[in-house]
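Biologist: I'd like to go through this one with you and hear the reasoning behind the labels. Could you put it up on the screen?

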Amino acid sequence: MLNNRKAELEFSSGLRWTHWIRVFAITALTVTGFYIAYVFVAPTPSATPTLFLNAKFRMWHEAIGFVLIAVTLYKTYLFIFVKSSKVERVSIHDVLSPKVWIAQIKYYLFLGEHPKLKGAYNPLQFLAYVLLYIMVYMISITGLILYARSYHNGLGGFLLPYMKPLEALMGGLASVREIHHIVMWVILIFVPIHIYMAVFNSIVSKEGSIDAVISGYKFEKNEA
Ligand code: HEM
């Protein structure tokens, strides 16, 4: 089956690790975030008031929130500065080409072949990822505002003077919480579309795009 195809390295191990760490972080943050928004479980009542279930959910939400922030900063650094991410940066050329846009839409409508791309991502995919990054930065900043408001020592104390003006800009703490929650829903809408597109591409192109985010390799057709 794969005789007329060659394995090409698509994603470095750094890109693959950060992808799966984010899958874990977004899943855990969504579960713990839904709990903070609407407390859906309660501990078995006990005479000793030391159960602190709410505090534990909040603690895990914040700890994993910092993991998401670290991974996002690292990914942003890789994208901008690292040589092996050139294939990602070059995608900007494809985004600026109307010809590639038309061919890509035709491909999704089963009306044509996949266009030959200069970079790793097609234009629709690239714009979807830009939107995702904007959302992840938004949820991280609003998360840090909420964090700094309740932890006044250490990092919280350090961040508070920087977060206060942003909080005012967003219309106060209640709005910050609302924005944080709404942005979660934008991310939750992105996730199934992203999975559908990845599976679609993997099946239709037969290039094993899903394999690429696990092993790093996809299987391109031999030109000869
Ligand atoms: C995909 C990422 C994230 C999701 C889906 C998410 C989701 C949520 C949700 C739904 C809430 C409840 C808001 C409400 O009351 O309606 C919440 C609260 C909170 N989030 Fe996040 N969050 C994420 C990332 C972060 C990050 C990066 C931080 C930064 C540390 C953070 C810190 C907080 C804090 C401190 C609260 C508590 C608000 C309160 O107690 O009133 N979150 N989050």
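Biologist: Which of the 21 residues around the ligand come nearest?

Modeller: Arg 58, His 61, Arg 177, His 180 and His 181 do. Keep in mind that this is a predicted model.

Biologist: What makes a residue count as one of those around the ligand?

Modeller: One of its heavy atoms has to lie within 4 Å of the ligand. For Arg 58, a polar side-chain atom lies 2.9 Å from a ligand oxygen, so Arg 58 meets that cut-off.

Biologist: How do you know that Arg 177 makes a polar contact with the ligand?

Modeller: An N or O atom in the side chain of Arg 177 is 2.5 Å from an oxygen atom of the ligand. The cut-off for a pair of N or O atoms is 3.5 Å, so this pair counts.

Biologist: And which ligand atom pairs with the side chain of His 180?

Modeller: A nitrogen atom of the ligand, 2.8 Å from an N or O atom in the His 180 side chain. That pair is also within 3.5 Å, so it is a polar contact too.

Biologist: What else does the side chain of His 180 make a polar contact with?

Modeller: With the side chain of Thr 142, at 2.8 Å. Thr 142 is found in helix H6.

Biologist: Why is Thr 142 called buried?

Modeller: Its relative accessible area is 0%. Buried means under 20%, so Thr 142 qualifies.

Biologist: Which space does the ligand take?

Modeller: The second largest pocket. That pocket has a volume of about 760 Å³.

Biologist: What makes you say the ligand sits in that pocket?

Modeller: The test is that more than half of a molecule's atoms lie within 2 Å of the pocket's grid points. The space taken by the ligand is the second largest pocket, so the ligand passes that test.

Biologist: How many residues line the pocket, and which lie nearest its centre?

Modeller: There are 28 lining residues, with Ile 36, His 61, Gly 143, Leu 146 and His 180 nearest the centre. They divide into 14 nonpolar, 9 polar and 5 charged.

Biologist: Why is Gly 143 put with the polar ones?

Modeller: That's the classing used here: glycine is counted among the polar residues, so Gly 143 goes there.

Biologist: How do the residues of the shell around the ligand divide?

Modeller: Into 10 nonpolar, 8 polar and 3 charged.

Biologist: Which helices each supply at least two residues of the pocket lining?

Modeller: H1 (13-37), H2 (53-81), H6 (123-150) and H8 (173-205). H6 gives the most, with 8 residues. For the shell around the ligand, H1, H2, H6 and H8 each supply at least two residues as well.

Biologist: Let's move away from the ligand. What makes Phe 110 stand out in its backbone?

Modeller: Phe 110 has a positive phi of about 60° although it is not a glycine. It lies in the loop between helix H5 (98-108) and H6.

Biologist: Is Phe 110 buried or exposed, and how do you know?

Modeller: Its relative accessible area is 61%. Exposed means over 50%, so Phe 110 is exposed.

Biologist: Why is Pro 43 called partly exposed?

Modeller: Pro 43 has a relative accessible area of 34%. That falls between the 20% and 50% cut-offs, so partly exposed is the label. Pro 43 is in the loop between H1 and H2, and its C-alpha is separated by 9.3 Å from that of Asn 54, 11 residues apart along the chain.

Biologist: What about Ala 174 in helix H8?

Modeller: Ala 174 has a relative accessible area of 63%, over the 50% cut-off, so it is exposed. The C-alpha atoms of Ala 174 and Leu 146 are separated by 9.6 Å, with their positions 28 residues apart along the chain.

Biologist: And how far is Pro 98 from Ile 64 in space?

Modeller: They are 40 Å apart, C-alpha to C-alpha, and 34 residues apart in sequence. Pro 98 lies in helix H5.

Biologist: Last one: what does the secondary structure come to?

Modeller: It comes to 9 helices and 2 strands, and along the sequence the pattern is β-α-α-α-α-α-α-α-α-α-β.

How values were computed: Residues are numbered from 1 along each chain as its sequence is written. This is a predicted model: local features need pLDDT of at least 70, side-chain atom pairs count only at pLDDT 80 or more; totals for chains, interfaces and linings use all residues. Side-chain values use heavy atoms; hydrogens and water are left out. On a 1 Å grid over the protein atoms alone, a cavity is a set of points where a 1.4 Å probe fits but cannot get out, and a pocket is an open set with protein on both sides within 12 Å along at least five of seven lines; lining residues have an atom within 4 Å of a point. Grid points are joined across faces, edges and corners, and a volume is the space filled by probe spheres set on the points. Helices (H or I, at least four residues) and strands (E, at least two) are DSSP runs, numbered from the N terminus. A polar contact is a pair of N or O atoms within 3.5 Å; within protein, one must be able to donate a hydrogen and the other to accept it, and residues adjacent in sequence count only if both atoms are side-chain atoms. Buried means under 20% relative accessible area, exposed over 50%, partly exposed in between (1.4 Å probe, protein chains only).
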